[in-house]
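Student: I've got a new model to go through. Can we take it piece by piece?
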Protein chains: 2
Amino acid sequence: MSNLKDVAELAGVGVGTVSRVINNQVSVKPKTREKVLAAIKQLNYVPNEIARNFKMQKSNLIALLLPSIWNPFFSELAYYIEDELDREGYKLILCNSGGKPAKELYYFDMLSQNKVAGILGITYNDIESSLDTEIPIVSIDRHFSKSVPCVTSDNYTGGRIAMRELYKAGVRKPAFLGAITSVFSETMLRKKGFIDEAETLGLDYIIYEEPDPVLDDLKYFGNFFKVREHREVDGVFAITDLFAAKYIDQAQKHGIRVPQDVKVIGFDGIQDSTLFHPILSTIRQPVEEMARTSVKLLLTQISGNAISQDTIRIPVHFRPGETT
Amino acid sequence: MSNLKDVAELAGVGVGTVSRVINNQVSVKPKTREKVLAAIKQLNYVPNEIARNFKMQKSNLIALLLPSIWNPFFSELAYYIEDELDREGYKLILCNSGGKPAKELYYFDMLSQNKVAGILGITYNDIESSLDTEIPIVSIDRHFSKSVPCVTSDNYTGGRIAMRELYKAGVRKPAFLGAITSVFSETMLRKKGFIDEAETLGLDYIIYEEPDPVLDDLKYFGNFFKVREHREVDGVFAITDLFAAKYIDQAQKHGIRVPQDVKVIGFDGIQDSTLFHPILSTIRQPVEEMARTSVKLLLTQISGNAISQDTIRIPVHFRPGETT
DNA sequence: AATAATTATTGAAACGTTTCCAAAATGGTG
DNA sequence: CACCATTTTGGAAACGTTTCAATAATTATT
């Protein structure tokens, strides 16, 4: 493996000059550049990225910290984030936190030790106090009070749209199906939108929330159906598509027909929701735009420029399916 | 930010000693170690990972190169791979190739420039000739003739099981639904297993293959239904769950009922297939085991040990749903 | 107590870049 | 052609670690 010095010697120039050629600095004479380029080719030289990172004391790595890449919404987001990062010459490090605060902290530590250039974080736990302010961060779906920019979709309006669409489909006793999380997240605005719209419409509604039923769907929905029985719910707005799908699954097992007996709207618009039967009606998040916006914002920060906006909310829209 | 030398000075020892303490080398007197540890704590010293990588000329990064993280099968795989890598102290770089040979090559180049410690590749294109033999590689689902170990599931037996299950469900005119790819991949054995079992059972069958209908499902299935019409197919084995789901979707639009008119079996056992309605019967791949095995194999290679086996095939099993 | 054997420690060198100051080459002007 | 201004170049220093040969300290043996 040849290095800068080898190239410099072969080309009969100094190492500085070779370095300037590689980095496309201006002040190098065309004739010199040619000589260097020829030497590079002859030696089959490739710059040692690690040495560069070392000298510059920063890597071209950006970390994506999220609960689980297995989640279809996150995997779509990750897809676009990686694409955008690659265009900009950065590499993506993937970190699954499992939503556990300890693991999130562990990753933050590890990432700052590894001097990543920036972090894109989807964290639902309170890690605010322990943020390493050295490293640029963009948060997705969660607003920190510090100067960490946040990219999210317009969850509030999404909630209102969902309620309104349920209403249009004839629903008069709507329910919101959510999960309890310990800290405030932008996704909670879905509930707020739902409530505000229901009240605007003068409707009675149920809010049903329990801890995230990752491992215990049956218990979650079992409890819900007990509540539901005596309320005659005829419409459900679930906080995510997966929630909605699981609800439909359980509802059908209870002899409840969707959409005849109960209309359902989800949130996210994950790809597979078009393969669910009935096809899920949902509030589609602009995933691609969220991804690219987050990356751009992060890179702006990395290049040392200030971020004007604190929170960026990208519009959502209703995607009709067969459940409304 | 303090460095090794600062610590050494404060502790009144040489830099080498500090280095040995950090790396838990043996030969360091307890009393010295204590002094060093105290200095580290006092200065709040953290080792500079980049400098380490530089000195060692290798990173603790492992790349996962796959067509698209958006695909639910891959995202599950990636989840477990990241988990296993993290346990072993490695970080995961994610690379979406889009299945494009040019992009795959581009990533291979980039990764070797970045001196990643190893690569886990899911590539369906022929990149064999351009493999950088410097970097340890483990291939998933694709066997290279060179000494690149391959981890896959027992696709052949999976195909046989699928056909047998269709038969048990009463199918007598089965069809295989696949995609054409340019190079040989282990997944093609699914077809072979299907064929062999069908012939063992003395059944007539249809093999239907066209280029992967990523962008043009309608055309793909439209054509299939034209073929299908005059053959009275009553069972379908689709090469992936997503294929199966799309088939069911289209079949229902053509007034074909699943499973009454046609039984369907998929392959993969992706999480969401339990949310499809009807719930998909499928051949479940041991994703977690495949992930962990691949990582272990790669790390074995990285530590310089030879790999005995050339291809590792992990058993699959039938997961009954509502489509058979 | 002297010597040998072992264990522990030191600090310079090296890894491959980028950067920066000084020096050299070039170009323009009177 | 001599002088100054500008452009281009050379190469040492520095980034923070690991490693290794040399040296110092400790322990064991007689």
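Student: By class, how many nonpolar, polar and charged residues does the surface near DNA strand D have?
Tutor: Keep in mind that this is a predicted model. The surface near DNA strand D has 10 nonpolar, 11 polar and six charged residues.

Student: Which residues are the closest to DNA strand D?
Tutor: The closest are A:Thr17, A:Thr32, B:Leu4, B:Ser19 and B:Tyr45. In total, 27 residues surround the strand. Of the atoms of DNA strand D that come within 4 Å of the protein, sugar and phosphate account for 65%.

Student: What is 2.7 Å from the side chain of A:Thr17?
Tutor: A phosphate oxygen of DNA strand D. The distance runs to an N or O atom in the A:Thr17 side chain.

Student: And chain B? Which atom of B:Asn23 lies 3.0 Å from a phosphate oxygen?
Tutor: A polar side-chain atom. B:Asn48 also has an atom 3.0 Å from a phosphate oxygen of DNA strand D, but there a backbone N or O atom is involved.

Student: Which elements give two or more residues to that surface?
Tutor: In chain A, α2 (15-22) and α4 (49-56). In chain B, α2 (15-22) and α4 (49-56) as well.

Student: Where does the largest share come from?
Tutor: From α4(B), with five residues.

Student: Switching to sheets. In what order do the six strands of the open sheet in chain A come?
Tutor: The order is β7-β6-β8-β9-β10-β12. The pairing is mixed. From one strand to the next, the twist averages 20 degrees.

Student: Why is one side of β7 and of β12 in chain A left without a neighbour?
Tutor: Because β7 (206-211) and β12 (317-319) stand at the edges of the sheet, each with a single partner strand.

Student: How many bridges join β10(A) to β12(A)?
Tutor: Three, and the two strands run antiparallel. Within that pair, A:Thr282 of β10(A) stands opposite A:Arg319 in β12(A).

Student: Now β10 in chain B. Which residues point which way?
Tutor: B:Ser281 and B:Ile283 point one way from the strand. B:Thr282 and B:Arg284 point the other way. All of them are buried.

Student: In which sense do β9(B) and β10(B) pair, parallel or antiparallel?
Tutor: Parallel, over four bridges. B:Asp268 stands opposite B:Arg284 there.

Student: What stands opposite B:Arg284 in β12(B)?
Tutor: B:His317. β10(B) and β12(B) run antiparallel and are joined by three bridges.

Student: On to helices. How far does α11(B) reach?
Tutor: It covers residues 287-302, 16 in number, and reaches 23 Å from its first C-alpha to its last. That is close to the 22 Å expected at 1.5 Å a residue.

Student: Which of its residues are buried?
Tutor: The buried residues of α11(B) are B:Val287, B:Met290, B:Ala291, B:Arg292, B:Thr293, B:Ser294, B:Val295, B:Leu297, B:Leu298, B:Leu299 and B:Gln301.

Student: And what about the phi of B:Gly304, positive or negative?
Tutor: Positive, near 90 degrees. B:Gly304 follows α11(B).

Student: Last one. Is A:Glu34 buried or exposed?
Tutor: Exposed, because its relative accessible area is 56%, and exposed means over 50%. A:Glu34 is found in helix α3 (residues 30-43) of chain A.

Student: How far apart in space are A:Glu34 and A:Gly118?
Tutor: They are 36 Å apart, C-alpha to C-alpha. In sequence, A:Glu34 and A:Gly118 are 84 residues apart.

How values were computed: Residues numbered from 1 in each chain as written. Chains lettered and ligands numbered in written order. Predicted model: local features only at pLDDT ≥ 70, side-chain atom pairs only at ≥ 80, totals over all residues. Heavy atoms only, no water. Near = heavy atom within 4 Å. Polar contact = N/O pair within 3.5 Å; in protein donor to acceptor, adjacent residues only side chain to side chain. Nonpolar A, V, L, I, M, F, W, Y, C, P; charged D, E, K, R; others polar. Expected span 1.5 Å × (residues − 1). Buried < 20%, exposed > 50% of the residue type's maximum accessible area, 1.4 Å probe, protein only. Pairing = 2+ DSSP bridges. Axes fitted to C-alpha atoms, helices over the stretch in contact; angles between N-to-C directions.
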